[in-house]
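Subject: Structure handover

Dear colleague,

Here is the structure I said I would pass on. Please look it over before reading the notes below it.

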Amino acid sequence: MKKEFVCFLSAFLFILSSCSNDIQENSKVNLILPKTIKYINIEKPSESLISAITYDGNKIVSIKDKKERTDFIYENNRIVKQIKYKLDGEKETKHKETSYNYLDNKLYIVETFVNYKKTKYIYKYIEDNTIRKEIYDFDNDTGKESISAKNEIFTFINGNITKSVYDWGYINLISNSFYQYDTNNNVFKNILGLNLLLDQADFGSEINISSANNMKRHVVAMEHGPEIASEPYADNLEYVYNSKGYPIRKTTYDYAGRETEIIEYTY
């Protein structure tokens, strides 16, 4: 009887393990990830640029077009480094490296090196939905760190940046950006760790790619004195979705209703 029970238990555990593996494999198969991003040149369609994305599971490995490649490095489930290379035929030149540090699974310190110039950002979580980004500059000769007069404050609602206030560090010059979203899935929603990068994620002209949903309106209102002039800025974005609610085409219009950009996605 004992032997029969052991055999039954072994068979049960084998079946359970097989089901678990099947679930994990099905989960990977069903995971929706963008494979290509096509930036369509409205005036010169022949000069449109296509970026190809490669993955390890749902971890992004790189994004590459004919001009640039960006590599991503993970530790566990978090992106800890991003390296950009300029491409010229077979030649590649590193021109930007960004390191990400986290505290309590939240972005804390970001350090960037662009052509040997270093900048540091520290993110301070004021409230559950408000984050202040402090900016630090470095003297290339002495290595001395100094806090910049520039800073930015973000407001988050349901995983989306809904407002940012950027202080340029000059008297009476502040940019207030407002963002509205649809209720569909962001193109990049399933890329592991991307949502933790807040405003630091950079895929060309894409905005708020770490957000949960797709931005449909972006308005910038400037605060400044009479000595500074500014033009109105507002973008409206329209999407075409696939059957699973992910965008396959995005068209951006300026405040005058003119098409300024078209992006197409494949999965």
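The notes below cover the overall make-up, the pockets and the salt bridges.

Please keep in mind that this is a predicted model.

Overall make-up

The protein chain contains 1 helix and 16 strands. It has 267 residues, and 40% of them are buried. Among contacts in the chain with a separation of 6 or more, 35% are between residues 24 or more positions apart. The exposed area of the protein chain is about 16,200 Å², and 52% of that comes from carbon and sulfur atoms.

Pockets

The largest pocket has a volume of about 550 Å³. Its lining consists of 25 residues, with D199, Q200, A201, E206 and I207 closest to the centre. Four strands give at least two residues each to this lining: β6 (91–103), β10 (145–157), β11 (160–167) and β12 (173–185). Of the elements involved, β6 has the largest share, with 3 residues. Sorted by class, the lining of the largest pocket holds 10 nonpolar, 9 polar and 6 charged residues.

The second largest pocket encloses about 350 Å³. Here 18 residues form the lining, and I131, F156, G159, N195 and L198 are the ones nearest the centre. Two or more lining residues come from each of β7 (106–114), β8 (117–127) and β10. The split by class for the second largest pocket is 8 nonpolar, 7 polar and 3 charged. Strand β10 therefore appears in both lists, as a contributor of at least two residues to the largest pocket and of two or more to the second largest.

Salt bridges

There are 15 salt bridges in the structure. Three pairs and one network are described here.

K133 and D199 form a salt bridge through their side chains, with an N to O distance of 2.7 Å. K133 sits in strand β9 (residues 130–138) and D199 in the loop between β12 and β13 (213–224), so the pair links distant parts of the chain, 66 residues apart. Are the two partners buried or partly exposed? K133 has a relative accessible area of 6%, so it counts as buried because the cut-off is under 20%. D199, at 27%, is above that cut-off and counts as partly exposed. D199 is also one of the residues closest to the centre of the largest pocket.

The salt bridge between K250 and E206 has its closest N and O atoms 2.9 Å apart. Because K250 belongs to strand β15 (residues 247–253) and E206 to the loop between β12 and β13, this pair ties together parts that are 44 residues apart in sequence. K250 is buried at 7% relative accessibility, and E206 is buried at 8%. E206, like D199, is among the residues closest to the centre of the largest pocket.

R69 pairs with D71, and their closest N and O atoms are 2.9 Å apart. R69 counts as buried, with a relative accessibility of 15%.

Finally, a network of salt bridges links E68, K84 and D202.

Regards

Definitions and conventions. Residues are numbered from 1 along each chain as its sequence is written. This is a predicted model: local features need pLDDT of at least 70, side-chain atom pairs count only at pLDDT 80 or more; totals for chains, interfaces and linings use all residues. Side-chain values use heavy atoms; hydrogens and water are left out. Buried means under 20% relative accessible area, exposed over 50%, partly exposed in between (1.4 Å probe, protein chains only). Contact means heavy atoms within 4.5 Å. Accessible areas come from the Shrake-Rupley method with a 1.4 Å probe; for residues, only the protein chains shown count as cover. On a 1 Å grid over the protein atoms alone, a cavity is a set of points where a 1.4 Å probe fits but cannot get out, and a pocket is an open set with protein on both sides within 12 Å along at least five of seven lines; lining residues have an atom within 4 Å of a point. Grid points are joined across faces, edges and corners, and a volume is the space filled by probe spheres set on the points. Ala, Val, Leu, Ile, Met, Phe, Trp, Tyr, Cys and Pro count as nonpolar, Asp, Glu, Lys and Arg as charged, and the others, Gly among them, as polar. A salt bridge is a side-chain nitrogen of Lys or Arg within 4 Å of a carboxyl oxygen of Asp or Glu.
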